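Here is my note on the model you asked me to look over, set out as numbered points. Please read it with the sequence and the structure side by side.

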Amino acid sequence: MAQKPIRFTHNGAERAVFVEEGANLLDVLRRGVGDLTPKYGCGQGTCGACTVIVDGAPRLSCLTLAETVDGGRVDTVAGLAEGNRLSALQEAFMSHFAAQCGYCTDGMLMSATALLKDNPRPTREEVVEAISGNLCRCTGYEAIIEAILTAAGSGGARRAG
Amino acid sequence: MAVTVETYATLAEAQRAMAGGRARFLGGGTILMRALNEADPSISTIVRATDPALRQIRPEGGEIMIGAGVTMAELARHRDTAFLAPVARVIGGPQVRAAATVAGNLFAAAPYGDMAAALLALGATIETADGRRQPIEELMRPSGSGAGGLVAAVRVADPRGAFHFCKVSRVKPKGVSLISIAALLPRPGGRIERPRIVFNGMGPRPVRAAEAERALEGRSLDAAAIAAAARAAAEGFDPPDDALASAWYRREVAGVHLARLLTGIR
Amino acid sequence: MAIEFRKDLFADERDDDLNEIGKPTQRQDMLGHVTGRSPFYDDHLFDGLCHIRCARSPHHHARIRRVDTSAAERMPGVRRVITARDVPHNLNTLLSLLDFGLDDEELIASERVAYKGEPVAAVIADTERQAREACRAVRVDWEALPHVLDVEEAIKPGAPAVNPAYPGNLFVYHGKYDHQKLRYGDVEAALRTADHVVTGRYQMSPIEQAPIETCGAIAAPETNDRFVCYTSTQALFFSLGTAVKLLDVSSARLHFIGGTVGGGFGGKVDSLHEPMAILGTMLTGRPCKYMFDREEEMQVGAPRGAERWYLTDGVMNDGRIVARKFVGYFDAGATTRLSSYAIIKGVGHLPGPYTIPNVYADVYCVFTNRTPATAMRGFGVTGVDFAIESHMDEVADTIGMDPIELRILNAYRDGDMKAHRRLAKNTALVECCQVAAGKAGWGLSQAARAASSLTGGGGARAELPAFTATDEHGRVAGFSSGSYAQGGRPAEPTGRGDPRPAPGSAPRPEPRHEPPRHEPPRHEPSRTPEPRREPAYAGAPPRPEPPSPAPPAPGEPPRRAPTRFSSISGLRRR
């Protein structure tokens, strides 16, 4: 089967992998790179469990043709912590019990990371909008929203939205 | 069957690679990648173009030129396309908007295609890879020629406050449209002149509501005119029965939502 | 959203000295979740992993004339195509591990499919894409059969027979009846003397659990002739036992690893993925993954089943409910899975959290050509609770009473006898209603505000009914009543159509022979069961026990307070 070499920056590190033509980024990250943090939930852009950040924007890795990230930059949950030091978002997710089964959590974290990068002090409404592409079937949305607001340090603006 | 992906620097080259009709063009991938993930047997060759011109938005000759590959997120952000931001912002979630393109939306089957409905209401012009221009109606016509090659850009005039849009969905934010309504209502001297009202979700493609337009032509936007347009809204439509809503429901609420949209206009 | 602890309620029943309850404690798996390191089954990488996908029925009901896998086997990347004859013991029912129900489901259909999406072949290929392409190349010669999708249609005479194990399209309870019975007091007599009779029909559609992680399993060869299986199952030992049975292999050869489930909600107990993945590994010697895609999860994955309920209440002008009658239909879909059990649980719950002196229920587990139903969060109780509470509002409306006052008036209290013949304890519906009304700013009468779960119960309300009307309608023959239904079924059941021997008696099931179906003598349940005292027994089949005109009925526990199923925490301090 035809394979193509691609290079991209993955959580700050250079990666060079061969990808099968037509492969999606989710499969390449999981099987090719060994980054298991993005999850398969639907393969059709409905659930958001596979969300990663490509060149600064949140993207569904299952709907991203892998070779389109050639030369680009891909960030995932695997790059959020520095060693044992969790990111503010990860800390807030822990302290707010913002995960139940944990399967949507990686996608939620990446959508939230993308939001806070562009909008460090979002309103509650903006948080809801930012995670609207991520489904949580354990219905932990409230805890997730609170966690993101806390991580943003915008606790005072919570009710403003 | 292995898939082949061909990448070209220009749209013209991509257009040549499309000859023969076997290849599919990759825009943002939100529709094509899903089919690919499902191993759709009709897809064997994928063509893409990296031409930066496809990502441009710029004023040109009194119109706004929107490159075919401009994403919903870019449309929602760009100053020159602020009138389209209310449409772009309600398409998909943030991840979809970061990928989905304006040209891709022109070919998206219902329940998608809200941007196509907006562009149809705005009377946009479609520019193809060979430089030809055609009114968007040509592309949207169910049995129309349509086959003008790859879309290079969409040109649209700033409606200067005369454009209105609403999307009806069960889930907010991010739910798909049961129906959406895009309306261009120029009112020089207070009277509606050549209105363009488009429904998405009332058929396989966005379609103009000719009877509702007729009901508004030449009238001021008052309660009587709105009521007349609402009564005529569903005329001539054969909406689908699907998991989102029944045909009956769509017919019943089409006029209700049109009336709400029109009533909300100051 | 802080939790509000109402420690003022039942305050004298506990010492408020707990160190953990009521205080947040970090989950042990949280660090794994926020760092993306929690090991879901699909997070185990295997070199050379093969992918299994199924060719599925496009029909609700069809005979399989022929399955031709030759073209699929020649497709690129295909290692093997599995069909029914490759499954060592291709017949099971999930609850057979509990000796509950007849084996009634194949892992891969052999001669007939009974729901849309039922697998007829499984392709093992090097890539998922190749497996998908090869599935399309599996040729099946179908003969579409008439199908039935509605529970009440399915039990009418002449309805298509859905499942050969249960020719009447009804699960058999206790080897005796085509429905689960509850008889407590004399509902018909009470309805005749009630001031009002309120009837209602309620139904609930199937609900898909829709976990974000779809169901799946990966199997791989391990050392010492064992197989390891990573699975998303919610029921690891169910899945292990089911795999052992279907694959006819010792459990010592299977090494199951689970525990990290990407959402289950009941939908990951059916244990279909583990045996298929292991079978693939056994047949190819390669690690194999079998995973639902999202469409399969929604269409083929077993949902919470649909339910339909008919309720009839006898109510007095003062609001006391004196009789409540249920006729319920659970849509099991094409096979039993857990629907039979859901009904046992549901009937134990009737008539809801109310003390009603006369209760009657006939609840049917019906087979239709829908996707088999299974567990989901409180299944068996949720649907009928919706019916009960909707009906309470109807009753309140009929007699012009406030709906919360009606609930408080009829609420069970500590010490009341319940219809399943156990005393109620630790009841709290009254207080729940009072708090809810308070939160909603809903005015209650002085009497309703003064009511308490601790008072007003027991005494005469602790007594079993002086008389319980029983009946024999829905009696079936030919099924063993020694246990629930499994095991002792005679080879020549009387009055039933299916001549197959009991599957448990043979290591391999015989292929299902269904030549042009000569309609078996059908058992038809009476649609309008009337629990009359005398006539019901006339002409009925011989009863194992004599009629019981006086309490306690045979097999009923003594009237004393129950001791079984009690626990320290379950008993209110007195």
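1. How many helices and strands does chain A have? Bearing in mind throughout that this is a predicted model, one finds five helices and five strands in chain A. Read along the sequence, these elements follow the pattern β-β-α-β-β-β-α-α-α-α.

2. On overall dimensions, the radius of gyration of chain A is 16 Å, which agrees with the value near 15 Å that a compact globule of 161 residues would have. Taken along the principal axes, the box filled by the C-alpha atoms of chain A is roughly 55 × 30 × 25 Å.

3. Turning to burial and contacts in chain A, 60% of its 161 residues count as buried. Of the contacts in chain A with a separation of 6 or more, 54% are made by residues 24 or more positions apart.

4. The accessible surface of chain A amounts to about 6,100 Å², with 49% of that area belonging to carbon and sulfur atoms. As for charge, chain A carries 15 positive and 18 negative side chains, and 4 Å separates the centres of the two sets.

5. One residue of chain A that I would single out is Val128(A), which sits in helix H4, a helix made up of residues 124–130. Is Val128(A) buried or exposed? Its relative accessibility is 28%, and because a residue has to fall under 20% to count as buried and over 50% to count as exposed, Val128(A) is classed as partly exposed. Leaving aside residues up to four places away in sequence, Val128(A) touches Ile145(A) in its own chain and Pro173(B) in chain B. Cys62(A), by contrast, is 66 residues away from Val128(A) along the chain, and the C-alpha atoms of the two are separated by 22 Å.

6. Chain B contains 11 helices and 12 strands. Its radius of gyration is 19 Å, close to the 18 Å given by the globule rule for 266 residues, so chain B is as compact as a globular protein of that length. The C-alpha trace of chain B spans about 60 × 45 × 35 Å along its principal axes.

7. In chain B, 55% of the 266 residues count as buried, and residues 24 or more positions apart provide 56% of the contacts with a separation of 6 or more. The accessible surface of chain B is about 11,500 Å², and carbon and sulfur atoms hold 53% of it. Chain B has 33 positive and 25 negative charges, whose mean positions are 5 Å apart.

8. The size of an interface is often given as the accessible area lost when the parts come together. For chain C and chain A, the area buried between them is about 2,800 Å², of which 61% is on carbon and sulfur atoms. Which three residues supply more than any other three of the area that chain C buries against chain A? They are Val34(C), Leu45(C) and Ile212(C), which together supply 23% of that area. Counted by contacts, 40 residues of chain C meet 34 residues of chain A.

9. Finally, Asn410(C) deserves a look within chain C, where it belongs to helix H11, covering residues 403–410. Asn410(C) has a relative accessible area of 4% and is buried. Not counting residues up to four places away in sequence, Asn410(C) touches Gly319(C), Arg320(C) and Ile321(C), as well as Pro353(C), Tyr354(C) and Thr355(C).

How values were computed. Residues numbered from 1 in each chain as written. Chains lettered and ligands numbered in written order. Predicted model: local features only at pLDDT ≥ 70, side-chain atom pairs only at ≥ 80, totals over all residues. Heavy atoms only, no water. Helix = DSSP H or I, 4+ residues; strand = E, 2+ residues; numbered from the N terminus. Rg over C-alpha atoms; globule rule 2.2 N^0.38 Å. Buried < 20%, exposed > 50% of the residue type's maximum accessible area, 1.4 Å probe, protein only. Contact = heavy atoms within 4.5 Å. Areas by Shrake-Rupley, 256 points an atom, 1.4 Å probe, with all protein chains shown as cover. Lys, Arg positive; Asp, Glu negative; His and termini not counted. Charge placed at Lys NZ, Arg CZ, Asp CG, Glu CD. Buried area = accessible area lost by both parts, 1.4 Å probe.
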